[in-house]
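I set out to look up the overall build of this protein and then a few chosen places within it. My entries follow in the order in which I made them.

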Amino acid sequence: MDNNTREVVLTTLLDIEKNHTFSNIALGTALRANQFMSKQERAYITRMVEGVTEQRIRLDYIIDQYSRTKVHRCKPLIRCVLRMGTYELFFMDSVPDSAACNLCVKLAADHGFGNLRGFVNGVLRNIARNKNNIQYPDKDKDLYGYCSVKYSVPDEIIRIISRDYDEETVEKILASGYEDVPTAVRVNTDRISVEELEKKLISAGINVTRGELNNTSLLISGYDHVRRIPGFLDGEFTVQDQSSCLAVLAAGIQKGDLVVDVCAAPGGKTMYASSLTGHTGRVISRDLTENKKELIEDNIERLGIGNVTVQVHDARVPDESLVGKADVVIADLPCSGLGIMGRKNDIKYHVNMDSIDELAKLQREILDVVWQYVKPGGTLVYSTCTIDSTENESNAEWFVKNHDFEPVSLAGLVPGHDGTSGYITLVQGVDKCDGFFISKFMRVMQQ
């Protein structure tokens, strides 16, 4: 790749580094601005930005062994250039090591850091000569340090996960973030059958397998961009993990039901619920901002859904008009996202013990309001895309103690999970889906 492509990578990484922009947003902006680049160039940009972000802790650990100035004390641009070069040396073979070093030196010089050419060159060439001699933390003496560097996950995240899982499972969770996982899509069976879409995608050269946890899910790989996949613009499928689908299936939605989805964006559960309620049912889909409302509306318009009302509403604010009206309330609430670290590679840099406690508090505040919308005998499903018990089991148990609801067994929902307690935790690297928590409750009938 020439330096024009590397310029795009550097600009994107600087946006993430200096402005704290989430990597998926920064990368999306960069790709849209360079949409006329070749498929190969765009793939290189994507891999470099995602890779450097994902491996940041490991890259910094390596650089610090061969740099007199520690990474955190370098200027942001030099920090990003060193990370780019180190990532390319260890994880890519697009150019020889010497060329990777030279191109990074040129990048620094082109941005006014000609006085640091020797520094950048010396650090990267020293790393290149010693690629096979890096001294990593000893696993037996410092398990957390070893896992932090090997899987590029902050030490605090490992400590959080270790509260709930044994060492073997913790490593499986961390390692799963680096597995080449296919994209899960849910077929819009109101427009096309699973079999028909499967054949269409295969004929387009896309790799397809059937989902094992949801019978309307397909797992796909080998495509360039999801919007270019046959059937996407026609609303024949939507991107949705199988775990998310299971949360909707757990609700037991019937034809004609009124479903309230209280934190709905981007709308995956809303769309699935809409299909299950049929034309005689209705879904009220809500989220906090106008931008999120528009995102939901875009998706339901693409899928041709007509029985959904989308609203901007703060789930912490009671809505008297809905009290006792809903057959089903879906409360897939804001969470730490530790179950989807592999898909959103910078979540791990924004989570700590304090933030988890704050999120658990927010979840309880929302649950304390939205239970009122469930009619007697109706269902509330509480779910998150995290694997932390503070946000999951503890909140489920709190909910039952403080409200007139009973847990509903989820036995049979997921093979290998008991579910009789009324909740299930799916764990990435162990189960064949994202990490996810699902709990189900029924409002007690009045005597």
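The entries below go from the whole chain to the cysteines, one helix and one loop residue.

**Entry 1: the whole chain.** I note at the outset that this is a predicted model. I looked up the secondary structure and found 16 helices and 12 strands. Along the principal axes, the C-alpha atoms fill a box of roughly 80 × 50 × 40 Å. I then compared the radius of gyration with the rule for a compact globule: for 447 residues the rule gives a value near 22 Å, and the protein has 24 Å, which agrees.

**Entry 2: burial and contacts.** I recorded that 54% of the 447 residues count as buried. The protein exposes about 20,300 Å², of which carbon and sulfur atoms supply 47%. For contacts I took residues at least 6 apart in sequence; 72% of these contacts join residues at least 24 apart.

**Entry 3: charges.** I found 51 positive and 62 negative side chains. The centres of the two sets lie 5 Å apart.

**Entry 4: cysteines.** How many disulfides does the structure hold? I found zero. I looked at C80 in particular: the closest cysteine sulfur is that of C74, and the distance of 10 Å is too far for a bond, since a disulfide requires the two sulfur atoms within 2.5 Å. C80 counts as buried because its relative accessibility is 2%, where the limit is under 20%. I also looked up C147, which is buried with a relative accessible area of 2%.

**Entry 5: helix α12.** I turned to α12, residues 242–250, and found this helix mostly covered, with eight of its nine residues buried. The buried residues are Q242, S243, S244, C245, L246, A247, V248 and A250. What covers the buried residues of α12? The cover includes the strands β1 (183–187), β3 (217–221), β9 (374–384), β11 (423–426) and β12 (436–443), together with the helix α13 (268–277). Just after α12, I noted that G252 takes a positive phi of about 65 degrees.

**Entry 6: S152.** I located S152 in the loop between α8 (143–150) and α9 (155–162). Is S152 buried or exposed? I entered it as buried, because its relative accessibility is 0%. I then listed what S152 touches, leaving out residues up to four places away in sequence. The list runs E54, Q55, R56, I57, R58, C147, Y178, K348 and Y349. One of these, C147, is the buried cysteine of my fourth entry.

Conventions. Residues are numbered from 1 along each chain as its sequence is written. This is a predicted model: local features need pLDDT of at least 70, side-chain atom pairs count only at pLDDT 80 or more; totals for chains, interfaces and linings use all residues. Side-chain values use heavy atoms; hydrogens and water are left out. Helices (H or I, at least four residues) and strands (E, at least two) are DSSP runs, numbered from the N terminus. The radius of gyration is taken over C-alpha atoms; the globule rule is 2.2 Å times the number of residues to the power 0.38. Buried means under 20% relative accessible area, exposed over 50%, partly exposed in between (1.4 Å probe, protein chains only). Contact means heavy atoms within 4.5 Å. Accessible areas come from the Shrake-Rupley method with a 1.4 Å probe; for residues, only the protein chains shown count as cover. Lys and Arg count as positive and Asp and Glu as negative; His and the chain ends are not counted. The place of a charge is taken as NZ of Lys, CZ of Arg, CG of Asp or CD of Glu.
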